[in-house]
Amino acid sequence: MTAHRTIDRNDGVSIAHDAVPDLAMLSGARLPDAEAERAAMAKRPRIIRYGKHFRGFFDRLIAGSSLVSNEPVLDVRDFPWTQALRDNWQAIRDEAIAVALGRNSPSLASVSPDHRAIAPIDMWRSFFLWGYGYSVEENLARCPVTSATVAEIPDLNSAFFSILAPGTHIPPHRGVTKGLITCHLGLIVPRDGDVRMRIDDRIVRWAEGETLVFDDTYDHEVWNDAASIRVVLLIQIKRPLRNPGRWIAETFLNIVRRSAFVQEARDNVTAWNAAVKHLDI
């Protein structure tokens with residue numbers, strides 16, 4: 001297996017070259033074909049597949065009830081809990097390296113079905129801690145600092161390490177509801193190429209140890225035009241709302257949480273973790 005070169009960090013710590021696998025080499029990555037995309041989309045909850053026709057209406061109701069800005073990129077000062085992420089970022093990064101970037105990491109299979117529809121197969125991976133309110137206890141136990149920090153975040157919906165392989169482009173897409181807000185904590189950001197995200201008409205870039213808060217219902221796309229991986233801790237919280245937007249958002253999220261789409265993702269993580277235990281590695 002091909003591994004990346006040593007990556008020098010701001011704090012003077014270097015990640016050993018054999019600790020960071022090349023996801024493309026591991027997977028024999030290929031672009032998603034139309035059949036795979038249709039299959040992934042067919043598994044989405046009906047409220048997502050058919051509700052898109054009404055999304056503008058519901059998003060406007062939610063936006064009108066929002067207690068924070070509706071801009072594409074939000075001010076981190078409006079989310080005080082992000083300070084704890086920044087304070088603990090180095091320990092969180094170390095846990096991400098240990099559990100999500102090892103040669104036999106469960107992260108290499110813990111992938112949302114949605115990723116397959118919009119990104120090259122095996123080029124965008126996730127190590128889940130929380131997903132739509134469900135905890136992955138085994139993964140949480142392996143990341144005590146991350147788990148303790150995330151546990152203090154109000155109205156948490158999801159938390160996972162998001163790993164983007166070198167040379168990956170995630171094409172334009174949108175989140176499913178304005179009832180959620182996304183935060184990225186930069187953990188590993190390559191310096192040997194341009195790693196960026198477009199959100200609406202803005203270009204943003206990650207920085208290690210810094211947080212980026214944004215509304216993913218705006219059209220956005222991501223590039224990793226570098227020779228090494230990008231890793232962030234991705235957090236989703238429920239948007240602070242008053243009624244009627246709060247009622248609408250809660251109803252939507254409750255339906256999605258109980259859907260086969262989310263349950264399949266939970267089963268994928270559980271099954272892969274169980275399989276890894278039985279490998280002689």
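Let us start with a sheet of four strands, which is open and has the order S7-S12-S9-S10, with antiparallel pairing. At its edges lie strand S7 (168-173) and strand S10 (202-204), each of which pairs on one side only. On average, neighbouring strands of this sheet are turned by 15 degrees against each other, direction ignored. Keep in mind as you look that this is a predicted model.

Zoom in on one end of that sheet. Strand S9 (residues 194-199) and S10 are joined by three bridges in the antiparallel sense, and Arg198 stands opposite Ile203 in S10. Between S9 and S10 there is a loop, and Asp200 lies in it. What is the sign of phi in Asp200? The value is positive, near 60 degrees, in a residue other than glycine. This deserves a second look because most residues other than glycine have a negative phi. With a relative accessible area of 33%, Asp200 is partly exposed.

Follow the chain past S10 and you reach Arg205, in the loop between S10 and S11. Setting aside neighbours within four places in sequence, Arg205 is in contact with Asp194, Val195 and Arg196. Arg205 and Val222 are 17 residues apart along the chain, and their C-alpha atoms are separated by 9.8 Å.

The loop leads into strand S11, which belongs to another sheet. Seven strands form this open sheet, in the order S3-S11-S8-S13-S6-S4-S5, and the pairing is antiparallel. The edge strands here are S3 and strand S5 (134-135), each pairing on one side only.

In the sheet order, S11 sits between S3 and S8. With strand S3 (residues 73-74), S11 pairs over two bridges in the antiparallel sense, and there Leu74 stands opposite Val213. With strand S8 (residues 180-188), S11 runs antiparallel and is joined by four bridges. Here the bridge partner of His184 is Leu212 of S11.

Now look at where the side chains of S11 go. In a regular strand, side chains alternate between the two faces of the sheet. In strand S11 (residues 211-214), Thr211 and Val213 point one way, while Leu212 and Phe214 point the other way. Are these four residues buried or exposed? All of them are buried.

Further along the same sheet, S6 and S13 pair over eight bridges in the antiparallel sense. One of the facing pairs is Ile163 with Val231 in S13.

Just before S6 comes another loop to explore. Asp155 lies between H9 and S6, and its phi is positive, about 55 degrees, although Asp155 is not a glycine. Asp155 counts as partly exposed because its relative accessibility is 48%, and partly exposed residues are those between the limits of 20% and 50%.

On the other side of that loop is helix H9 (residues 144-151), where Thr146, Ser147, Thr149 and Val150 are buried. Why do these residues lie on the same side of H9? They cover an arc of only 170 degrees around the axis, so they share one side of the helix. On the other side of H9, Pro144 and Ala151 are exposed. The cover over the buried residues of H9 includes helix H5 (82-87), helix H6 (89-100) and helix H8 (137-141), together with strand S4 (124-131), strand S6 (156-164) and strand S13 (230-238).

After S13, the chain enters a loop leading to H10, and Pro244 is found there. The peptide bond from Asn243 to Pro244 is cis, with omega near 10 degrees. For comparison, most peptide bonds are trans.

Next, see how two helices meet. A packed pair of helices is described by the angle between the axes and the distance between them. The axes of helix H4 (residues 55-64) and helix H10 (residues 245-257) come within 8 Å and cross at roughly 130 degrees. That angle makes H4 oblique to H10. The contact is made by Phe58, Leu61 and Ile62 from H4 and by Gly245, Ile248 and Ala249 from H10. Of these contact residues, five are nonpolar, one is polar and none is charged.

Finally, step back to the whole protein chain, which has 11 helices and 13 strands. Buried residues make up 53% of its 281 residues. Among contacts between residues at least 6 apart in sequence, 79% join residues at least 24 apart.

Methods. Residues numbered from 1 in each chain as written. Predicted model: local features only at pLDDT ≥ 70, side-chain atom pairs only at ≥ 80, totals over all residues. Heavy atoms only, no water. Buried < 20%, exposed > 50% of the residue type's maximum accessible area, 1.4 Å probe, protein only. Arc of directions from axis to C-beta. Contact = heavy atoms within 4.5 Å. Pairing = 2+ DSSP bridges. Axes fitted to C-alpha atoms, helices over the stretch in contact; angles between N-to-C directions. Parallel < 35°, antiparallel > 145°, perpendicular 65-115°, else oblique. Nonpolar A, V, L, I, M, F, W, Y, C, P; charged D, E, K, R; others polar.
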